[in-house]
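Here are a few short exercises to work through with the viewer open. Try each task before reading its solution.

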Amino acid sequence: MSLALLQTALYMPAEFLLNRLLALDSASSSRLVALEGRTLAVYVSNPRLELYISIRNRKLHLSPVFEGEADARLIGTASDLLRVLVQQTPVSNLAPFKVE
């Protein structure tokens with residue numbers, strides 16, 4: 001079994017959970033429509049990991065590979081990226097979090 005196939009299998013439960021949570025928010029559907037066809041690349045430096053989050057049909061799709069150019073990217077360690085994720089207020093500057 002290839003590493004990409006194993007990662008895809010591991011991402012499936014997270015993708016399912018995220019989409020279920022988004023379905024609970026009535027505003028998320030219109031926000032996802034605005035991002036339709038876009039892809040975010042997340043490069044984790046420690047541990048090394050690549051994750052691509054694509055938006056198709058008003059849902060998030062997680063994948064370890066992506067053919068093409070991502071529309072945006074985040075780069076940082078797992079702990080730095082998680083600190084951004086758990087912020088209670090919107091983040092407008094990633095520099096204090098050591099995230100590009």
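The exercises below concern this predicted model.

**Exercise 1.** Work out the order in which helices and strands follow one another from the N terminus.

*Solution.* Start with the inventory: the protein chain has three helices and four strands. Then walk along the protein chain from the N terminus, and the elements read α-α-β-β-β-β-α.

**Exercise 2.** Decide how the radius of gyration of the protein chain compares with the globule rule.

*Solution.* For 100 residues the rule gives 13 Å, and the protein chain has 14 Å. The two values are close, so the protein chain is as compact as a globular protein of that length. For the extents, the C-alpha trace spans about 40 × 30 × 25 Å along its principal axes.

**Exercise 3.** Classify Tyr43 and Tyr52 by burial, then describe how their rings meet.

*Solution.* Take Tyr52 to begin with: its relative accessible area is 9%, and buried means under 20%, so Tyr52 is buried. Tyr43 has 27% relative accessibility, which lies between the 20% and 50% cut-offs, so Tyr43 counts as partly exposed. Next, look at the rings: the centres of Tyr43 and Tyr52 are 6.2 Å apart, with 90 degrees between the planes. Planes over 60 degrees apart count as edge-to-face, and that is the class of this pair. Finally, widen the view: the structure holds two aromatic pairs, and ring pairs link Tyr43, Tyr52 and Phe66 into a cluster.

**Exercise 4.** Find how far apart the centres of the positive and negative side chains lie.

*Solution.* Count the charges: the protein chain has 10 positive and 9 negative side chains. The centres of these two sets are 6 Å apart.

How values were computed
Residues are numbered from 1 along each chain as its sequence is written. This is a predicted model: local features need pLDDT of at least 70, side-chain atom pairs count only at pLDDT 80 or more; totals for chains, interfaces and linings use all residues. Side-chain values use heavy atoms; hydrogens and water are left out. Helices (H or I, at least four residues) and strands (E, at least two) are DSSP runs, numbered from the N terminus. The radius of gyration is taken over C-alpha atoms; the globule rule is 2.2 Å times the number of residues to the power 0.38. Lys and Arg count as positive and Asp and Glu as negative; His and the chain ends are not counted. The place of a charge is taken as NZ of Lys, CZ of Arg, CG of Asp or CD of Glu. Rings of Phe, Tyr and Trp (its six-membered ring) pair if their centres lie within 6.5 Å; planes under 30 degrees apart count as stacked, over 60 as edge-to-face and the rest as tilted. Buried means under 20% relative accessible area, exposed over 50%, partly exposed in between (1.4 Å probe, protein chains only).
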